[in-house]
Amino acid sequence: MPKKATVEFTKSDEAIGLGVADATEDSNGYPVIKKLAEGGVASKQKGLAVGHIVLEVNGKDVKGKSGHDIHEIVRGTAKGQSLKFTVQPPKKQSLDGMDLATIKGLSAKWHFPKAGREEAEVMLKARPSGSFVIRSSSQPKHCTLSVKKPNGDLWNSLIEIKDDGSYKTKVGTEPFKELAAIILELINNKDFGKKLGLPAKIVMPAYKTQEV
C-alpha cells in the first residue's frame, strides 16, 4: 500500500489554491486532489500532489465526502488556525494477466483522443512510473502513447492511424486492429516494449476526476 503522509499548514490571507474532486473508482470512496494552483499555499507543500487521495482533514475521516464538502471544511477554518491533510498516493496496479476485452473495457482510463501533451502531463503527474495514456498528436493521422518515466518526465511515441482504421507503431511491420491490442502487446511482449524504447513497465494509468 502507498504510504500515508500528513501535511499541516496555517490558514492565512494567502490563497490556498487547492482543488478537490469527488471520489473515483480508484480512491475507495475518498475525494481526490485535482488541482494545485501555482503560487498557492497548497502547491508549496511537499506532501501534496495532484491525484493524491484525501483520507482525513483536521483529523477527521472524509470517506464519502464530496469535493464540495472538503472546500466547506477549508472555508470554515478560521485564519490563524491549522489545516491538516492526511493524503495517500494512488495505488500502483499491474496490468499483468489482463486480456484484450478487459483492456478495452478500461479504455476510459487510458484513451484520451482530445487530450494534448500538457493535459497528459497533468493526468500522469501524481501517478507511478509506467502509468500511460494514449492521446492526440500534433501530427495528422497519428496519436501518441505517453508513459511516465521513473524521473517523472513523459516518454512519447507516435502511433500512425492507417486509412483502414488500424494502428502502426514505429517498430514491426504489421499494424494493430485496435489500440488495446498495442497495450496488450506491451504487457505480454517485453521485446516489443524494448524495441519501442518503453522507459518502464506499464501500469494502470490515470483516472478521470469529476469537476466540483
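Contact here means heavy atoms within 4.5 Å. In this predicted model, the buried residues of helix 1 pack against strand 2 (18-21), strand 4 (53-57) and strand 6 (82-88). Further along the chain, 5 strands form an open sheet of mixed pairing. The points below take up helix 1, a contact of G67, the aromatic pairs and the sheet with its helices.

**Helix 1**

- Helix 1 spans residues 67-75, and its buried residues are G67, I70 and V74.
- These residues lie on the same side of helix 1, because they cover an arc of only 60 degrees around the axis.
- The elements they pack against are strand 2, strand 4 and strand 6.

**D22 and G67**

- D22 sits in the loop between strand 2 and strand 3 (32-36).
- The relative accessible area of D22 is 18%, and the limit for buried is under 20%, so D22 counts as buried.
- A polar atom of the D22 side chain lies 2.8 Å from the backbone nitrogen of G67.
- G67 is itself one of the buried residues of helix 1.

**Aromatic pairs**

- The model has 3 aromatic pairs, among them F9 and F85.
- The ring centres of F9 and F85 are 6.1 Å apart, and their planes are at 15 degrees, so this pair is stacked.
- F9 belongs to strand 1 (residues 5-10) and F85 to strand 6, so the pair ties together parts that are 76 residues apart in sequence.
- Both partners are buried: F9 has a relative accessible area of 9%, and F85 has a relative accessibility of 2%.
- Strand 6, which holds F85, is also among the strands that the buried residues of helix 1 pack against.

**The open sheet**

- The order of the strands in this sheet is 7-8-9-10-11, and the pairing is mixed.
- Strand 7 (111-112) and strand 11 (167-168) are the edge strands, each pairing on one side only.
- Strand 11 pairs with strand 10 (residues 154-161) in the antiparallel sense, over 2 bridges.
- Y167 in strand 11 is the bridge partner of I161.

**Helices on the sheet**

- Helix 4 (residues 117-124) packs on the sheet and touches strand 7, strand 8 (132-136), strand 9 (142-148) and strand 10.
- The direction of helix 4 makes about 160 degrees with that of strand 8.
- Helix 5 (residues 179-188) lies across strand 7, strand 8, strand 9, strand 10 and strand 11.
- Helix 5 runs at about 150 degrees to strand 8.

Terms used. Residues numbered from 1 in each chain as written. Predicted model: local features only at pLDDT ≥ 70, side-chain atom pairs only at ≥ 80, totals over all residues. Heavy atoms only, no water. Buried < 20%, exposed > 50% of the residue type's maximum accessible area, 1.4 Å probe, protein only. Helix = DSSP H or I, 4+ residues; strand = E, 2+ residues; numbered from the N terminus. Arc of directions from axis to C-beta. Phe/Tyr/Trp six-rings, centres within 6.5 Å; stacked < 30°, edge-to-face > 60°. Polar contact = N/O pair within 3.5 Å; in protein donor to acceptor, adjacent residues only side chain to side chain. Pairing = 2+ DSSP bridges. Axes fitted to C-alpha atoms, helices over the stretch in contact; angles between N-to-C directions.
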